[in-house]
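Hi everyone, thanks for coming. I'd like to take you on a short walk through a structure you may not have met before. Have a look at it first, and then we'll start from one residue and work outwards.

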Amino acid sequence: RGLRRLHAHAPFIMSGASVKGLLCEFDPTRSAFALVTADNRIRVFDVASGNLRHQFAETAHLSTRYTCLAWGSSSNKNASQPKGKRSKNVSPSLLALGTEAGTVVLWDLARGSVQLTLGEKGDGHQQRVNDVQFTASGATLVSVGNDKMIIEWDVQSGEVVSKKKSGKEAARKLAIGVITGASVLATASSKVILWDSASRSSL
């Protein structure tokens with residue numbers, strides 16, 4: 001029922017990421033759905049009711065195109081949150097969006113504003129960002145780009161934690177997981193490479 005209502009609000013989202021210029025993804029709790037249209041307008045829907053929770057756009061939203069997105073949780077201690085014990089079902093409050101320009105924009109959904117723009121000082125990707133993922137702690141974010149770089153960012157300060165070449169090819173997608181108790185990063189282009197998250201060396 002909720003999905004039918006969501007579809008009624010935005011009939012084009014059922015095609016999802018297969019539509020050129022459209023980005024969409026459920027949050028990890030499957031309670032919210034983020035949709036980014038070709039003009040870089042961001043809409044976040046409540047999955048159960050189909051109602052629109054948030055709608056945002058940068059002032060210069062037509063100046064560059066968003067290329068990828070990922071959900072994360074704000075590490076800002078002053079961010080608004082329910083009193084008492086934090087529920088594991090609370091929807092993440094950050095959206096990370098890679099851009100054609102090589103930056104990563106962090107949207108704070110609770111505040112309705114951009115928290116940080118990673119790489120705006122020229123210390124990030126020199127070309128298009130292909131994928132972004134938050135680490136399990138939510139304290140850092142990893143991005144890969146057409147410049148063949150893997151960059152880990154501190155979400156709170158916006159500083160670069162580490163940089164590593166992804167190989168002879170630019171990584172198109174990345175994933176972060178745990179194998180036998182160790183955190184592992186996987187990048188994919190024409191082949192998949194596994195990296196030790198701590199040392200950033202290939203396995």
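Let's begin with Asp108, which is found in strand S7, residues 104-108. Please keep in mind throughout that this is a predicted model. Is Asp108 buried or exposed? Its relative accessibility is 2%, and the cut-off for buried is under 20%, so Asp108 counts as buried. If you'd like a landmark, find Ala96: the two are twelve residues apart in sequence, and their C-alpha atoms are 9.1 Å apart in space.

Now let's widen the view to the strand around Asp108. How many of the five residues of S7 are buried? The count is five of five, so to speak a mostly covered strand. In general, side chains in a regular strand alternate between the two faces of the sheet. Here, Val104, Leu106 and Asp108 point one way from S7, while Val105 and Trp107 point the other way, and all of them are buried.

Next, the neighbours of S7. On one side, S6 pairs with S7 in the antiparallel sense over five bridges. You can pick out one facing pair there, with Gly98 opposite Val104 in S7. The hairpin of S6 and S7 has four residues between the strands, and Gly102 takes a positive phi near 100° in this hairpin.

Then there is S8. S7 and S8 run antiparallel and are joined by five bridges. In this pairing, Val105 stands opposite Thr117 in S8. These two strands also form a hairpin with four residues between them, and in the turn Gly112 has a positive phi of about 70°.

Let's step back to the whole sheet. It is an open sheet of four strands in the order S5-S6-S7-S8, with antiparallel pairing. Which strands stand at the edges? They are S5 (66-72) and S8 (113-118); each has a single partner strand, so one side of each is left without a neighbour in the sheet. From one strand to the next, the twist averages 25°.

S5 deserves a closer look. S5 pairs with S6 (residues 94-99) in the antiparallel sense over six bridges. Along that pairing, Gly72 stands opposite Leu94, and Cys68 stands opposite Gly98. Seven of the seven residues of S5 are buried, so this strand is largely enclosed by the rest of the structure.

S5 also brings us to a pocket. The second largest pocket has a volume of about 270 Å³. It is lined by 13 residues, and the closest to its centre are Thr67, Cys68, Asn130, Asp131 and Lys173. The elements giving two or more residues to that lining are S1 (23-26), S5 and S9 (129-134).

One more residue before we finish: Asp147, in the loop between S10 (140-145) and S11 (149-154). At 10% relative accessibility, Asp147 counts as buried too. Leaving out residues up to four places away in sequence, Asp147 touches Gly124, His125, Gln126, Gln127 and Lys165. Asp147 and Asn130 are 17 residues apart in sequence, with their C-alpha atoms 9.8 Å apart in space.

Finally, the chain as a whole. It has one helix and 15 strands, and 44% of its 203 residues count as buried. Its accessible surface comes to about 10,800 Å², with 51% belonging to carbon and sulfur atoms.

Thanks for listening!

Conventions. Residues are numbered from 1 along each chain as its sequence is written. This is a predicted model: local features need pLDDT of at least 70, side-chain atom pairs count only at pLDDT 80 or more; totals for chains, interfaces and linings use all residues. Side-chain values use heavy atoms; hydrogens and water are left out. Two strands pair if DSSP finds at least two bridges between them. Axes are lines fitted to C-alpha atoms, for helices over the stretch in contact, and angles run from 0 to 180 degrees between N-to-C directions. Buried means under 20% relative accessible area, exposed over 50%, partly exposed in between (1.4 Å probe, protein chains only). Accessible areas come from the Shrake-Rupley method with a 1.4 Å probe; for residues, only the protein chains shown count as cover. On a 1 Å grid over the protein atoms alone, a cavity is a set of points where a 1.4 Å probe fits but cannot get out, and a pocket is an open set with protein on both sides within 12 Å along at least five of seven lines; lining residues have an atom within 4 Å of a point. Grid points are joined across faces, edges and corners, and a volume is the space filled by probe spheres set on the points. Contact means heavy atoms within 4.5 Å.
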